[in-house]
Amino acid sequence: MCGRYANFLTEQQLMDHFAIATAADDPRLFDPSWNIAPTQQVAIVVPGKADDPGRRLEAAHWGLVPSWAKDRSVGARMINARSETIAEKPSFRSAFAKRRCVVPASGYFEWQTSADGKQPFYIHPTADAPLAFAGLYEFWKDKSLGDDAPWLVTTTIVTTAARGPMQDIHDRQPVMMTREALDAWLDRDADQGTLFDVIAAPAPDLAWHPVRKAVGSPTNNAPENVEPV
């Protein structure tokens, strides 16, 4: 799974690496964080529209709320979408077909369980480049508030079975994309076969190291979270 990550990318890194044309008018999109937790606001990259093809950087709440949900609280249980069932599960299949996004990150945290307890690791690219998680997004409105209720944008991170040495840390990992795979994932016309090829494609080269256990609390948000211990 992916239940905690870091994004301390600069505005220029985000705009350049993900070829973003426009960004939402929300300065919090560029606030660095070394401990992003579920239900918090995060940055996502969404494809352009037919009349405005440029990619956009938008804000979303982490934890997907299907449009048909009666309560937004279900999003806390939908921070990840398993790739194995993403095309069939009612919570995700519509977004998989129509609303795919990229969740930018500097790296993410995973906990390794051993006889001595749980040790968090920070996992990041070996290259000086952002991570691009495959994501989905949805729009939800609280119908009890009437037609004028605001739309809530929510997102989830797609996961797959851990590969290679990553299996020594955890049995799941986020789907992490290269630039080429990212382009295919954001293509509104991509067929299901192409999308599953993206999910199965190799992730960028990664490195990891143990970090302080204080990262387990979302209130601990500091650069020290990603430093080796």
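Strand β9 and strand β13 (residues 206-210) run antiparallel and are joined by 5 bridges. If you would like one pair of residues to look for here, find Ile123, which stands opposite Trp208 in β13. Please keep in mind as you explore that this is a predicted model.

Strand β9 has another partner as well. Strand β8 (residues 107-114) is joined to β9 (residues 117-125) by 7 bridges, and these two strands also run antiparallel. Between β8 and β9 lie 2 residues, and the two strands form a hairpin. A good place to look in this pairing is Phe109, which stands opposite Tyr122 in β9. While you have strands in view, here is a handy rule: in a regular strand, side chains alternate between the two faces of the sheet.

Now let us turn to a helix. Helix α4 spans residues 192-200, and its buried residues are Leu195, Val198 and Ile199. Why do these three count as lying on the same side of α4? They cover an arc of only 100 degrees around the axis, and therefore share one side of the helix. A general point helps here: an α-helix has 3.6 residues a turn, so residues three or four places apart point the same way. What do the buried residues of α4 pack against? Their neighbours are α2, β7, β11 (151-161) and α3 (179-185). On the other side of α4, Asp197 and Ala200 are exposed.

Next come the charged side chains. How many salt bridges does the structure hold? There are 5 salt bridges in the structure, and three pairs make a good tour.

Begin with Glu138 and Arg99, which form a salt bridge whose closest N and O atoms are 2.8 Å apart. This pair links distant parts of the chain: Glu138 sits in strand β10, while Arg99 lies in the loop between α2 (93-98) and β7 (100-105), 39 residues apart. Are the two partners buried or exposed? Glu138 counts as buried because its relative accessibility is 6%. Arg99 counts as buried too, at 16% relative accessibility.

A second salt bridge brings together the side chains of Asp26 and Arg28, at 3.1 Å from N to O. Here the partners differ in their surroundings: Asp26 counts as buried at 15% relative accessibility, whereas Arg28 is exposed, with a relative accessible area of 51%.

The third pair is Arg56 and Glu58, whose side chains meet in a salt bridge of 3.0 Å, N to O. Arg56 is buried, with a relative accessible area of 16%, while Glu58 counts as partly exposed at 25%.

Against these pairs, Lys141 offers a contrast. Lys141 has its place in strand β10 (residues 131-141), the strand that also holds Glu138. Which side chain of opposite charge is nearest to Lys141? That is Asp147, 6.0 Å away, and Lys141 is buried yet has no salt bridge. A salt bridge would need a side-chain nitrogen of Lys or Arg within 4 Å of a carboxyl oxygen of Asp or Glu. The side chain of Lys141 does, however, reach the backbone oxygen of Asp147, at 3.2 Å. Leaving aside residues up to four places away in sequence, Lys141 touches Gly146, Asp147, Ala149, Pro150 and Trp151.

Our next stop is Ser33, found in strand β3 (residues 33-36). Is Ser33 buried or exposed? Its relative accessibility is 9%, so Ser33 counts as buried. The side chain of Ser33 is joined to that of Asn221 by a polar contact of 3.2 Å. Beyond residues up to four places away in sequence, Ser33 touches Ala6, Asn7, Phe8 and Asn221.

We can finish at Ala19, in the loop between α1 (11-17) and β2 (20-23). Ala19 counts as partly exposed, at 47% relative accessibility. Which residues does Ala19 touch, not counting those up to four places away in sequence? They are Leu14 and Arg55. To relate this loop to a place visited earlier, look across to Gly193: the C-alpha atoms of Ala19 and Gly193 are separated by 25 Å, and the two residues are 174 residues apart along the chain.

Notes
Residues numbered from 1 in each chain as written. Predicted model: local features only at pLDDT ≥ 70, side-chain atom pairs only at ≥ 80, totals over all residues. Heavy atoms only, no water. Helix = DSSP H or I, 4+ residues; strand = E, 2+ residues; numbered from the N terminus. Buried < 20%, exposed > 50% of the residue type's maximum accessible area, 1.4 Å probe, protein only. Lys, Arg positive; Asp, Glu negative; His and termini not counted. Polar contact = N/O pair within 3.5 Å; in protein donor to acceptor, adjacent residues only side chain to side chain. Contact = heavy atoms within 4.5 Å. Pairing = 2+ DSSP bridges. Arc of directions from axis to C-beta.
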